[in-house]
Amino acid sequence: MDHNVSGIHVIESIDQLRILCKQHPNPIIIGEGSNVLFVKDVERPVFVIDLKGIEVINEGSTWKEVRIAAGEDWHDVVMWSIDQGLGGIENLSLIPGKCGAAPMQNIGAYGTELSDVLISVGCMDKQIGALFHMTKEACKLGYRDSIFKHESKDQYVITSITIRLTKEEHHQVNVSYGDIKAVLKENDITDPTIRQVSEAIIAIRSSKLPDPLQIPNAGSFFKNPIIPIENYNDLVIRHPEMPSYPVSDTHCKVPAGWLIDRCGWKGIKVGDVGVHTKQALVLVNHGSNNGQDIINLSRQIQKKVLDTYQIQLVTEVNVIA
Ligand code: EPU
């Protein structure tokens with residue numbers, strides 16, 4: 001990418017970021033843009049964060065703390081951690097995007113979330129250019145959620161993340177997710193290493209989720225809805241196969257992919273956009289140059305799911321209008 005094409009700035013240093021923040025008070029910040037949907041041409045400048053560096057900053061007998069610059073590719077960092085014998089993020093293999101975006105939505109998959117390993121997030125205050133580390137607690141991480149989507153929206157640029165990973169012999173692999181167990185069993189693996197867990201996850205993701213470089217998509221388009229257990233109990237009488245996962249004593253999570261699939265949308269094409277053939281939660285672009293096409297499709301899906309199940313689906317991708 002050119003370094004300054006029609007308002008796009010590729011940021012490679014903290015000093016450059018500080019200067020640009022002074023010049024442009026209201027930029028759009030992106031990492032790889034893999035969870036972002038643009039619905040029209042934007043007037044605001046775009047900062048592409050390309051800060052690099054991985055550094056072990058602290059160490060105990062069972063763990064290492066690693067600080068990773070926001071522009072590092074997330075999956076490359078997972079592969080690096082496995083090569084170093086450091087456990088904790090193997091279940092987050094093959095998630096597209098850069099490390100700076102990871103706390104924004106508390107990336108999660110196969111029973112692990114970033115919040116399980118996060119220590120703090122390096123931030124630059126855009127207005128004053130000051131750098132500080134926000135503790136994990138202050139980040140208010142939730143299911144695909146953080147303070148950076150609410151109170152602190154547009155206030156900071158994430159410059160780094162610090163995570164704590166476990167050393168060899170202290171790994172606690174998490175294979176509770178059904179798909180992982182099945183893949184390991186197929187391969188006769190009973191006591192998996194972190195590398196074997198990562199390989200199983202890469203196999204599962206590659207079989208269901210389209211590669212954004214081949215079929216443009218932003219992963220799960222909606223969040224999995226969290227509903228009161230009473231509502232679920234009513235629904236399951238009419239839809240006995242509806243899956244659910246416990247969240248708390250009062251609420252459970254229902255897979256949005258299942259709801260969309262059962263409404264008949266899986267694999268459907270509408271003009272140049274559509275619903276992925278293998279995972280109904282992923283909307284795909286077959287060649288549209290207008291993000292609004294995806295929004296229109298998503299609204300039709302939301303309406304159908306609401307009419308059928310009385311559940312309102314909420315968008316997971318970051319829509320920039
Ligand atoms: N299902 C269907 N039809 C579909 C898709 C799913 O019936 O077309 C059913 C599956 O059979 C299963 C359930 O829905 O019973 C859950 O499906 P899956 O395991 O594929 O996971 P998901 O809930 O659809 C979530 C995350 C993914 C993450 C996977 C694995 C969200 C919004 N999505 O998807 O994250 O990889 O679990 O942990 O929470 C992402 O955020 O972009 C993403 C891909």
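Leaving aside its neighbours within four places in sequence, Ile 295 is in contact (heavy atoms within 4.5 Å) with Leu 37, Val 39 and Val 319. This residue sits in helix α7, which spans residues 291–309; helices here are DSSP runs of H or I with at least four residues, strands are runs of E with at least two, and both are numbered from the N terminus. Ile 295 counts as buried because its relative accessibility is 9%, where buried means under 20% relative accessible area, exposed means over 50%, and partly exposed lies in between, with a 1.4 Å probe and protein chains only. Its partner Val 319 is 24 residues away along the chain from Ile 295, and the C-alpha atoms of the two are separated by 9.0 Å.

The model is a predicted one, in which local features need pLDDT of at least 70 and side-chain atom pairs count only at pLDDT 80 or more, while totals for chains, interfaces and linings use all residues. Residues are numbered from 1 along each chain as its sequence is written, and side-chain values use heavy atoms, with hydrogens and water left out.

Beyond α7, in the loop between this helix and β20 (318–320), lies Gln 310. Its phi is near 55 degrees, a positive value in a residue other than glycine, and Gln 310 counts as partly exposed because its relative accessibility is 49%. A second residue of this kind is Glu 169, which is not a glycine and yet has a positive phi of about 75 degrees. Glu 169 is found in the loop between β12 and α3, and at 78% relative accessibility it counts as exposed.

The helix α3 (residues 178–186) has Ile 180, Val 183 and Leu 184 as buried residues. Seen down the axis of α3, these buried residues fall within an arc of 100 degrees, so they line one face of the helix; the arc is that of the directions from the helix axis to the C-beta atoms. An α-helix has 3.6 residues a turn, so residues three or four places apart point the same way. The face of α3 turned away from the buried side carries the exposed residues Lys 185 and Glu 186, whereas what covers the buried residues includes α4. Just after α3, Asp 188 takes a positive phi of about 55 degrees.

Helix α1 (residues 14–23) can be read in a similar manner, its buried residues being Leu 17, Leu 20 and Cys 21. They cover an arc of only 105 degrees around the axis, which puts them on the same side of α1. These buried residues pack against β2 (8–11), β5 (46–49), β10 (118–125) and β12 (156–166), while the face turned away from the buried side carries the exposed residues Asp 15, Lys 22 and Gln 23.

A loop residue can be followed in the same detail: Ser 93 lies between α2 (74–83) and β8 (108–109), and it is buried, with a relative accessible area of 0%. The side chain of Ser 93 reaches the backbone oxygen of Glu 90 at 2.6 Å, and it also makes a polar contact with the side chain of Ser 198 at 2.9 Å. A polar contact is a pair of N or O atoms within 3.5 Å; within protein, one must be able to donate a hydrogen and the other to accept it, and residues adjacent in sequence count only if both atoms are side-chain atoms. Apart from neighbours within four places in sequence, the residues in contact with Ser 93 are His 75, Val 78, Met 79, Ser 198, Ile 201, Ile 202 and Arg 205.

The ligand is surrounded by 21 residues, of which the closest are Tyr 110, Tyr 143, Arg 144, Tyr 177 and Asp 261; a residue is near the ligand if one of its heavy atoms lies within 4 Å of it. An oxygen atom of the ligand is 2.8 Å from an N or O atom in the side chain of Arg 144, and an oxygen atom of the ligand is likewise 2.8 Å from an N or O atom in the side chain of Tyr 177. For Lys 266, a polar side-chain atom lies 3.1 Å from an oxygen atom of the ligand. The protein covers 83% of the 820 Å² of accessible area that the ligand has on its own, with areas taken from the Shrake-Rupley method and a 1.4 Å probe. The elements that give two or more residues to this shell are α4 (194–208), β13 (217–220) and α6 (256–262), and α6 provides the largest share, 3 residues.
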